[in-house]
Each structure stands twice: as structure tokens, then as C-alpha cells.
Amino acid sequence: MSETTTNPPKNNQRAANNAAPDFWPSNHPPDDLANKRAEWAEKYRESDKLAGIETTDDFTPFTQINDMFTRAFWDKKIHSKKTDAFFQGHRVAISPRRAEGFRQKDLALRNAAWAVSSMLSSRKGDEGKREGFQSAIEEGGPISPDKVDASDTAQMTGEIKKLAKLFGADLVGVTDYDERWIYKTRVDTRDYSEAEHDLPEGLTNVIVMGHSMDHDLVATYPSALAGASSGLEYSHEAGIVVQLVTYIRNLGYQAVGSMNDTGLVIPLAIKAGLGEYGRNQMVITPQYGPRVRFSKIFTDLPLDHDIPQKIGVREFCDICTKCADNCPPKALPFGPPQATQPNVSTIQGVKKWSADCEKCFGYWAAIGTDCAICMRVCPFNRKGDNWQDRLFLKIAQSRFRKLALWWDDRSTRADRVKPSAWWGSK
Ligand code: SF4
Ligand code: SF4
């Protein structure tokens with residue numbers, strides 16, 4: 001959300017026609033999608049079952065021009081003065097309001113939190129690249145001509161995880177380079193046309209890192225102040241990704257750093273064992289619930305893969321609708337997961353809970369900042385540093401989950417904290 005330009009797109013037509021040039025994946029000429037679907041169904045049957053990922057016969061990799069933040073620039077249905085003001089407002093504190101959480105100091109803090117991420121994402125605008133959001137991060141230096149011996153993959157995986165945490169990641173897992181989740185094309189931000197990725201050949205693994213958001217800032221959603229919790233983690237992850245990429249390249253292996261760009265991180269985070277998918281469209285982790293942002297590194301460094309973990313989220317979400325109930329524009333679904341797309345901003349052919357991103361982003365644009373009420377109210381959003389939180393999680397993950405929900409209903413845990421209370425706290 002650190003858009004660098006608010007100019008309307010010069011070339012809507014190409015995107016509007018969805019005339020996708022087939023560069024995907026890794027800049028290959030296209031393979032036949034029908035054959036690919038059959039190959040994927042076979043290859044991922046077992047691991048998808050473990051991860052709770054269900055694809056249907058019309059599965060189609062996502063094209064990034066259709067993501068909501070990109071459509072806000074080229075799609076006349078989405079683009080408006082409000083969406084322009086939304087992005088511009090993340091660069092400079094404009095139009096502060098009298099309402100708590102939207103005053104100039106709140107906007108200033110949010111924008112300061114985003115500053116490092118914005119610096120990275122804006123530096124290659126002339127080349128149509130928005131690193132970390134609409135193109136991979138081109139950083140990390142040359143690859144050493146001497147490869148270290150990585151035949152002991154267990155040791156190498158342990159060291160990579162240790163270093164990810166040393167650099168500042170809160171969670172780290174490893175999965176395979178599952179090409180289904182790589183965007184079919186990236187976006188050239190000069191004209192919002194489709195462009196090929198610059199991924200090298202031979203990538204085999206993805207290191208997925210989780211970055212926990214500040215609990216007390218999240219408690220003030222919706223507010224510009226709360227948006228600092230997102231910006232902070234994007235800025236943190238930018239540095240962490242570049243540091244780990246540099247390390248791997250110094251070992252003599254390929255490594256490409258990525259935040260929201262290049263591919264969908266949610267299925268990769270689930271496959272890497274970091275958490276389970278929830279109704280609020282987020283990965284719910286045992287440590288931080290849904291209060292986590294994810295980054296990723298594509299590499300050919302030999303590593304062991306983690307196993308997806310079931311922590312009872314699916315079962316809990318089946319009896320809980322707090323996120324959907326509390327969503328102001330009613331963008332989140334009730335009922336079981338569906339394979340239908342609310343609109344083109346949802347990937348086709350995955351049976352899951354999907355938000356109506358048009359409604360969701362419409363609300364963001366209306367309030368001039370991001371929203372994560374669905375994160376704040378989720379019963380899994382807990383600090384986890386007290387016995388009540390630990391007991392809740394135990395019960396929530398057991399067959400007594402209705403009792404956990406009953407208990408959560410009666411607590412003040414999810415109540416919005418006033419921004420003035422946040423500023424006044426020590
Ligand atoms: S972020 Fe806000 S608007 Fe979007 S789905 Fe969550 S609660 Fe609804
Ligand atoms: S609020 Fe309830 S339904 Fe929504 S993600 Fe959290 S546990 Fe699932």
C-alpha cells in the first residue's frame with residue numbers, strides 16, 4: 001500500500017481485454033493448461049489434502065493485474081478520486097480529520113512505518129517495477145561462483161531458519177516451488193500492462209517468513225494509527241528478505257526476495273506449515289493468530305520441506321462468523337467454503353472462503369486507510385502471554401471449541417481500543 005504514482009493508467013485496454021501474454025512460469029513459453037491441471041492434480045493430491053487446499057477442474061493461476069490494488073489503477077470500475085487519495089495519503093499526511101486515529105500524528109506515524117518499504121517499492125518506477133508489491137526484489141548482490149556443500153539439507157534448513165530469526169522473522173517454514181501460486185504475469189506499473197517475471201530457471205524451494213503485527217496497534221482498527229502495524233511489518237520484512245537473500249547468494253545459490261509480488265503467499269505459508277486458512281482469508285498461526293504478514297524467498301538452495309499443520313481453524317471457523325459479522329461492507333462470506341469467485345480479484349478454481357475484494361477495498365478507500373477489523377475480532381488474535389490466552393487456544397483446538405467461542409463472546413478481548421488510549425499508554 002505504498003503506491004508511488006497516482007497517475008491513471010495509459011493503457012487500460014490490454015488489461016481490460018485480459019489479453020494475457022503467456023510468460024509464466026519462470027519466463028517459459030506457455031504449457032497447455034489442461035495438461036498442467038492434470039499434472040498438478042496428481043502431483044499435489046497428497047500435500048493439498050494435508051494443507052486443506054482444494055482446487056477444482058477450472059483452476060487457473062492468478063494474473064496480478066486483477067488484484068485489487070492493481071485494479072485501483074487501471075479498472076474504471078474501481079479507480080476513483082478516493083482510491084487515488086488513498087494511495088497518495090500513504091506518502092504524505094493529507095486530509096487529517098478530527099476523529100481519533102485519523103489526526104495528523106496518526107497519519108504521520110502510519111506513513112513513517114511504511115517508509116522503508118516505500119523506499120524499496122518506489123526506486124524502480126521508471127522501469128515499471130514496484131519491488132515487493134508488483135515485482136520481485138532485485139537486491140542481494142551477485143551469486144558467489146563457489147557453492148557451499150549443502151548436501152546435509154537438515155543442517156542447512158536449520159541454519160536458514162536460525163538466520164531468518166536472527167534477521168528478525170518471527171516464523172519461518174519451507175515448502176516446494178509450487179508453480180500454481182506464481183502469478184501468471186506481473187504488472188508493468190508504467191501502463192498497467194502484463195509483463196514477464198524475471199525469475200531465474202531452476203528454483204526448487206520457497207522459504208516463507210512470518211512477521212507478527214503489533215497487538216496493541218491492531219486493537220485500534222479501524223484507524224490510520226492501526227495502519228502503522230501493517231506498514232511496520234512491510235518495512236521490517238523488506239530488510240529481512242534482502243538480508244537472507246544476500247546470505248544465500250553468498251553461499252553460491254539463487255535467491256529471489258519477494259513480499260506481496262510474484263505469487264500468492266497464503267497457500268505457500270500454509271504448505272510451509274505456518275498456519276491454517278480462516279474465514280477472514282488470513283493464515284491463522286498458532287503463535288499470533290491472524291496477526292501476521294508473510295514474505296518469501298524463491299531459491300534453489302537444497303532444503304527440507306515443512307509439513308502443513310492442522311490446528312483446528314477450519315473446525316472453529318465452521319462455528320464462528322465473527323469476522324463476517326463485524327465486516328462493515330459485508331465483504332466476508334458466511335457458510336462453508338465455495339469455489340465461486342465474487343469477482344476477478346479472486347483466484348479461479350480454489351474452493352475456499354473468499355472475500356469480495358471490491359467491497360473490502362471500497363471500504364478502505366472510503367476511510368482513507370487499511371482495515372483489519374476481521375483480524376482484530378478473530379478469537380485467535382491474542383497476545384498469548386497469559387494463561388487465559390493459552391487455555392483459550394487449547395479449548396479452541398479441541399472438540400470443546402463451542403465453549404471457547406462462548407467464552408470469547410463474553411470477553412472484551414476484541415473490543416476496539418481508542419487511539420487516544422494507545423497514544424496515552426506507556
Ligand atoms: S479488511 Fe475490513 S473491510 Fe476488508 S474484509 Fe476485513 S473487515 Fe471487511
Ligand atoms: S473470526 Fe471466527 S470465523 Fe473468522 S477467521 Fe477468526 S475464527 Fe474464523
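This is a short tour of a predicted model, stop by stop, with what to select at each one.

Residues count from 1 along each chain as its sequence is written, while chains are lettered from A and ligands numbered from 1 in the order in which they are written. Because the model is predicted, local features need pLDDT of at least 70 and side-chain atom pairs count only at pLDDT 80 or more, whereas totals for chains, interfaces and linings use all residues.

**The whole chain**

Start zoomed out, in cartoon. The chain has 17 helices and 10 strands; these are DSSP runs numbered from the N terminus, with helices being H or I of at least four residues and strands E of at least two. The radius of gyration is 21 Å, close to the 22 Å that the globule rule gives for 426 residues, so the chain is as compact as a globular protein of that length. (That radius is taken over C-alpha atoms, and the rule is 2.2 Å times the number of residues to the power 0.38.) Along its principal axes, the C-alpha trace spans about 55 × 50 × 40 Å.

**H9 and its partners**

Select 104-122 (helix H6) and 227-250 (helix H9): their axes come within 7 Å and cross at roughly 30°. Axes here are lines fitted to C-alpha atoms, for helices over the stretch in contact, and angles run from 0 to 180 degrees between N-to-C directions. H6 and H9 are therefore roughly parallel (under 35 degrees; over 145 is roughly antiparallel, 65 to 115 roughly perpendicular, and the rest oblique). Their crossing is left-handed, that is, the near helix is turned anticlockwise from the far one by less than a right angle, with clockwise being right-handed.

For sticks, the H6 side of the contact includes Leu 109, Ala 113, Trp 114 and Leu 120, and the H9 side includes Gly 231, Leu 232, Tyr 234 and Ala 238. Contact means C-beta atoms, placed from the backbone, within 7 Å. The contact residues split into 10 nonpolar, 5 polar and 1 charged; Ala, Val, Leu, Ile, Met, Phe, Trp, Tyr, Cys and Pro count as nonpolar, Asp, Glu, Lys and Arg as charged, and the others, Gly among them, as polar.

Now add 153-167, helix H7, which packs on H9 at about 145° with the axes 9 Å apart. This crossing is right-handed. Leu 163, Ala 164 and Phe 167 of H7 meet Ile 240, Gln 243, Leu 244 and Tyr 247 of H9, giving 6 nonpolar, 1 polar and no charged residues.

**Two backbone oddities**

Step back to the loop between helix H8 (215-218) and H9, where Pro 222 sits. The peptide bond from Tyr 221 to Pro 222 is cis, with omega near 0°.

Next, pick Tyr 192, in the loop between strand S3 (186-188) and strand S4 (193-195). Tyr 192 has a positive phi of about 60° although it is not a glycine.

**The two ligands**

Show ligand 1 and its shell, which includes Cys 327, Cys 360, Cys 371, Cys 374 and Tyr 363; a residue is near if its C-beta atom, placed from the backbone, lies within 6 Å. The shell has 12 nonpolar, no polar and no charged residues. Helix H13 (357-367) and helix H14 (373-376) each supply at least two of them.

Over at ligand 2, 13 residues form the surroundings, and Gly 278, Cys 317, Cys 320, Cys 323 and Cys 378 come nearest. Helices H11 (313-319) and H12 (322-326) give two or more residues each. By class, this shell has 8 nonpolar, 3 polar and 2 charged residues.

**Last stop: H15 and H16**

Select 387-396 and 401-409, helices H15 and H16, which pack at about 140° with axes 7 Å apart. That makes H15 oblique to H16. Phe 392, Ile 395 and Ala 396 in H15 meet a set in H16 that includes Leu 403 and Trp 407.

Definitions and conventions:
Two residues are in contact if their C-beta atoms, placed from the backbone, lie within 7 Å.
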